[in-house]
Amino acid sequence: MTKTVFPENFLWGGATAANQFEGAYNVDGKGLSVQDVTPQGGMPAKIGDLDPLITDEPTPDNLKLEGIDFYHRYKEDIALFAEMGFKVFRLSIAWSRIFPNGDEKEPNEAGLEFYDKVFDELAKYNIEPLVTLSHYETPLHLARQYNGWASRELISFYERYVRTVFNRYKNKVKYWLTFNEINSVLHGPFMSGGIATPFAELSKQDLYQAVHHELVASALATKVGHEINPDFKIGCMVLAMPAYGYTANPLDQLAAREFENQNYLFSDIHVRGKYPNYIQRYFAENDISIEFAPEDEAILKNTVDFISFSYYMSVAQAHNPEDYEIGQGNIMGGIKNPYLESSEWGWQIDPVGLRLVLNDFYDRYQLPLFIVENGLGAKDVLVDGPDGPTVEDDYRIDYLKKHLQQVGEALTDGVELWGYTTWGPIDLVSASTAQLSKRYGFIYVDRNDDGSGSLARYKKKSFDWYKEVIATNGESLYQ
């Protein structure tokens, strides 16, 4: 293991999403989002289903309605992040807090004021906000009235929203992400794109047309942001999932390449400003013909300043996947890799895969990178410690240490990396399962899957470990 010196200005921190931890779902004029009607999470309700459980109205069993109440406890939580030494904090703005239905002409001032207060609190501790404009939080009205991003009309609604927040926070926020895990719309169209059409009825033509609308909107946001403040750094955000050919059979290697191209499509367009050649064959073989508006080609040329991504797992691929065991918990499918361990939720743990992703993205694009999600969901047990309740989460420390050591290897390889934000530095509601028992944080929140709990915050063992990593700028990873 090579001891790596992390860059002097490296941005260490943590990442969250409004719908998973803010709560206050109907407070101060906020409208409903797609998250408020998916009480069991954004993935299929059970094996064999194609769609998540979607309710007509918010139901009491939906933990996201209250989350961990960051809305009322943001000062307490930001103080804890500052105590760990955070240089950056990734959060999202809830679109429906600013435009409750998504298609109004005027924004909700109370929603804007809330984020003013949050950004001011972060500034007090010299913590840079990294803001996701749309993180699985499409206003529910846009999903039900327009079928989400399947409708081109969402581009103008999104533009109005981003112009509003760019202008409002142009002196408070420097780093922006347009859409969270934008490629996930292929696998969770309701959660990711607000597309209300049942998955089984959604044609590939309609799905990829929705993708196009999001990509145009993302490029338009990049253009608008740079016009409002040329110092903005605006990035895309993709779900990174490297694929290994299951065997040395060239057909397995080809299957892995084709799988990865489905994800590269999104970053290629964000960085190069046009559709890549390789996707044309897929479109032709699946009767997909993307409808371009006259202005789309020019808009797409507004490319990003950096690439950010989430990384949790890798997958294996084969030309005959039906002959193998499918990896449980793999959001995008794939075969179980016999060389890797798995988390309690079946997510395969592959630290070296993170080094591969960093090198692949940097070799492909030569743009700065930012790891904006990485972490381990686990069932933590609160125990008595010398300073009060805590969690002895050595498994989380081990997971993060191994991944960060591979980040160090990638830096030594020559990759340019701006920062690293762990997913869920404080426990929050899972996006995929809507559980609180799937905990990621350095900070334990006393709330259970049945909704009970005091919401009290307790530092886990990993809290001090991450604090030391930041204080030593990564040197403690090698001690």
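**Exercise 1. Find which ring the charged end of Arg-364 sits over, and at what distance from its centre.**

Solution. Start at Arg-364. Its charged end sits over the ring of Tyr-264, 3.8 Å from the ring centre. The criterion: NZ of Lys or CZ of Arg is within 6 Å of the ring centre and within 35 degrees of the ring normal. Now take Arg-97. Its charged end sits over the ring of Phe-114, 5.7 Å from the centre.

A note on the basis. The model is predicted, so local features need pLDDT of at least 70 and side-chain atom pairs count only at pLDDT 80 or more, while totals for chains, interfaces and linings use all residues. Residues are numbered from 1 along each chain as its sequence is written, and side-chain values use heavy atoms, with hydrogens and water left out.

**Exercise 2. Trace the closed barrel and state how its strands pair.**

Solution. Step one: the order. Eight strands close the barrel, running β1-β2-β3-β4-β5-β7-β11-β14, with parallel pairing. On average, neighbouring strands of this sheet are turned by 25° against each other, direction ignored. Axes are lines fitted to C-alpha atoms, for helices over the stretch in contact; angles run from 0 to 180 degrees between N-to-C directions. Strands (E, at least two residues) and helices (H or I, at least four) are DSSP runs, numbered from the N terminus.

Step two: the helices. Helix α4 (residues 109–124) packs on the sheet and touches β2 (88–92) and β3 (128–132). The direction of α4 makes about 170° with that of β2. Helix α14 (residues 461–471) also packs on the sheet, touching β1 and β14, and makes about 150° with the direction of β1. Contact here means heavy atoms within 4.5 Å.

Step three: the bridges. Two strands pair if DSSP finds at least two bridges between them. Strand β7 (residues 306–311) and β11 pair over four bridges, with Ser-308 opposite Phe-370. β11 and β14 pair over three; here Leu-369 stands opposite Leu-417. Strand β1 (residues 11–15) and β14 pair over five, and Leu-11 stands opposite Gly-419.

**Exercise 3. Decide whether β11 is largely enclosed or not, then place Ile-371 in it.**

Solution. Count first. Five of the five residues of β11 are buried, so the strand is largely enclosed by the rest of the structure. Buried means under 20% relative accessible area, exposed over 50%, partly exposed in between (1.4 Å probe, protein chains only). Ile-371 is found in this strand. Its relative accessible area is 0%. Beyond its neighbours within four places in sequence, Ile-371 contacts residues including Phe-309, Leu-354, Leu-417 and Gly-419. Next door, strand β14 (residues 417–423) has six of its seven residues buried.

**Exercise 4. Locate the residue that UniProt lists for "active site", and list some of its contacts.**

Solution. The unreviewed UniProt entry lists Glu-373. UniProt positions are given in the numbering used here, feature names are shortened, and annotations may be inferred rather than shown by experiment. Glu-373 lies in strand β11 (residues 369–373). Is Glu-373 buried or exposed? At 4% relative accessibility, Glu-373 counts as buried. Not counting residues up to four places away, Glu-373 touches, among others, Arg-90, His-135, Glu-181, Tyr-311 and Trp-423.
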